[in-house]
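Dear colleague,

I am passing on a structure that you have not worked with before. Please have it open while you read the notes that follow.

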Amino acid sequence: MTPPLLETVAVAKRYGSVVALRSANLTVGPGEIHALLGANGAGKSTLVKVLTGVIRPTEGEVRVNGEAVVLRDPVDAQRRGLAPVFQDPALVADLSVVDNLRLTGANPEAVRHWLGEMGLGSIDLTDLVRDIPLPLLRMLDLARAASREPAVLLLDEITAALPIDLAERVIDVMRRWKATNRSVLFISHRLAEVRDVCDVATVLRDGCDVDRFRTDDGGEARMVRAMLGDAAAIVRNVTRSVPVKATSPALLDESTPADEVLAVSDLRVGKLDGISFVARRGEVLGVAALEGQGQDLLFAVLSGDRRPTSGELRIHRQRLVARHPADAIRRGVVLIPSDRLQALLPQRSVRENLALPFFRRVRSWGPVRRRRETEAVDGAITRLSIDTRAQSQVKRLSGGNQQKVTIGRWLATGFDVLLCFDPTRGIDVGTKHQIYDLVRELARAGKTVIFFTSELREIAQCCDRAVVIYEGKITEEITAAEATEERLLNAAHGLVGALADPVCP
């Protein structure tokens, strides 16, 4: 009988009083795409780090090809045929790509080969890593891992930061691995993706494996039940696909003019070519686009991180000239980035991160109003159900709780316009719907939200309207009821009008 390519037996990992893994059992057979599922904080990333030699388990056993092994470091794991791609690309920002490859002993020619196989041969390996967009860095990391020709690829949320076209190329690599009797261990919070691509799923909850099943046995509902516990109401909530209707009376009645909060007129910078739209009070405006269409530039301009070449921004009908994000924040425009660590002080506590905006208001020496700060921070923690067990350093929190901290910071201090750039990337299904519900609650309270997402079905789930950007221009502006994935994809590929051929996801 052929032994499993990879196996763990009762693996546990503790950091002092914090238990990251209690008892995780996993079996990955040859020729298998195996999903590792669980809510944020369930222990998935910790288990992957154990399997790749980044950390050592406190208890338990790891087996490769049926043999018990001690993975001393990532190089040892690579020698045994295990190659990871982590949530955050393991690349040094101030070095070129080729220098990064030399640091890790990867073969640049083999990496170029895999980039070509994925249709990304135009990437220049002499470019500095910091100048390359995050989605392409993910693909570079995948090409580096694939170049080692490992027995098992371990992909930790690789598709979370990718638009649909790049995610499809990742899935193609996964299927090629399976076809050669090698395997993939795949972590993803996109349950439809897991259902369609993976053969088997193992589910972790509270650091233990709680279920193992074929993905065609019970589908997404079984996945959610295993991840979150047997709560039928939660399952119905997180698997719903009916669009959320606009809640602002001004949005529901076209005869009533809605309040203009943010207006963009003929905005031009870099790839953006004449972007114009209006976002209103009590509205969630969705933004859809494939990678590299200018959406990152748009949010950089709106948040004050980039100045436009031409065009105008208005907040409450008053012109906004933002030379720095602080200028936008003073006018009530705040950003939730997709890369949570850009917005956090990872070495500091949860409370310090939540309270950070209070200090921008200090204009003279004197005591901070501690009572008001404490009440606001406590309110944000309660409202978002932020897990503070590891609150001494926010970097120790799960990805979902880190994102809650970035949002909670602005709930504690106030804003008018919330810019959300792919806020649910790499977040479990339960936390995603907490964010959807919060966004709708903010709209009901009269806030304005601009919501870019790489998961197109989120547009219908939590937005009132959507604009679609293609090659720096808005190609469609539609209501949430019209925002089917097919129509959004057509517009995102520049195909608009009744005669456009449908683009299948």
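Which two side chains meet in a salt bridge at 2.9 Å, N to O? They are those of Arg130 and Asp94, and please bear in mind here and below that the model is predicted. Arg130 sits in the loop between α4 (108-117) and α5 (134-146), while Asp94 sits in the loop between β6 (82-85) and α3 (97-103), so this pair ties together parts that are 36 residues apart in sequence. Both Arg130 and Asp94 are exposed.

That pair belongs to a total of 29 salt bridges in the structure, and two others may help you to find your way around.

In one of them, Arg317 is paired with Glu260, with 3.4 Å between the closest N and O atoms. Arg317 is placed in the loop between β14 (310-315) and β15 (318-319), and Glu260 in strand β11 (residues 260-269), so the bridge ties together parts that are 57 residues apart in sequence. The two partners differ in their surroundings, since Arg317 has a relative accessible area of 53% and is exposed, whereas Glu260, with a relative accessible area of 13%, is buried.

In the other, the side chains of Lys432 and Glu455 meet at 2.6 Å, N to O. Lys432 is part of helix α16 (residues 429-444) and Glu455 lies in the loop between β18 (448-452) and α17 (457-462), so parts that are 23 residues apart in sequence are tied together by this pair. Lys432 and Glu455 are both buried. There is also a network, in which salt bridges with shared partners join Glu260, Glu312, Arg314, Arg317 and Arg319.

Turning to the nonpolar side chains, in soluble globular proteins these tend to be buried together. In this model the largest nonpolar core has 52 residues, and Leu115, Leu155 and Met174 are the ones with the most contacts inside it. The element that gives the most to this core is α5, with eight residues. If neighbours within four places in sequence are left aside, Leu115 is in contact with Leu120, Gly121, Ile123, Leu125, Met139, Leu140 and Ala143. A second core, separate from the one just described, has 48 residues, among them Val334, Ile435, Val449 and Ala491.

With best regards

Terms used:
Residues are numbered from 1 along each chain as its sequence is written. This is a predicted model: local features need pLDDT of at least 70, side-chain atom pairs count only at pLDDT 80 or more; totals for chains, interfaces and linings use all residues. Side-chain values use heavy atoms; hydrogens and water are left out. A salt bridge is a side-chain nitrogen of Lys or Arg within 4 Å of a carboxyl oxygen of Asp or Glu. Helices (H or I, at least four residues) and strands (E, at least two) are DSSP runs, numbered from the N terminus. Buried means under 20% relative accessible area, exposed over 50%, partly exposed in between (1.4 Å probe, protein chains only). A nonpolar core is a set of buried Ala, Val, Leu, Ile, Met, Phe, Trp, Tyr and Cys residues joined through side-chain atoms within 4.5 Å. Contact means heavy atoms within 4.5 Å.
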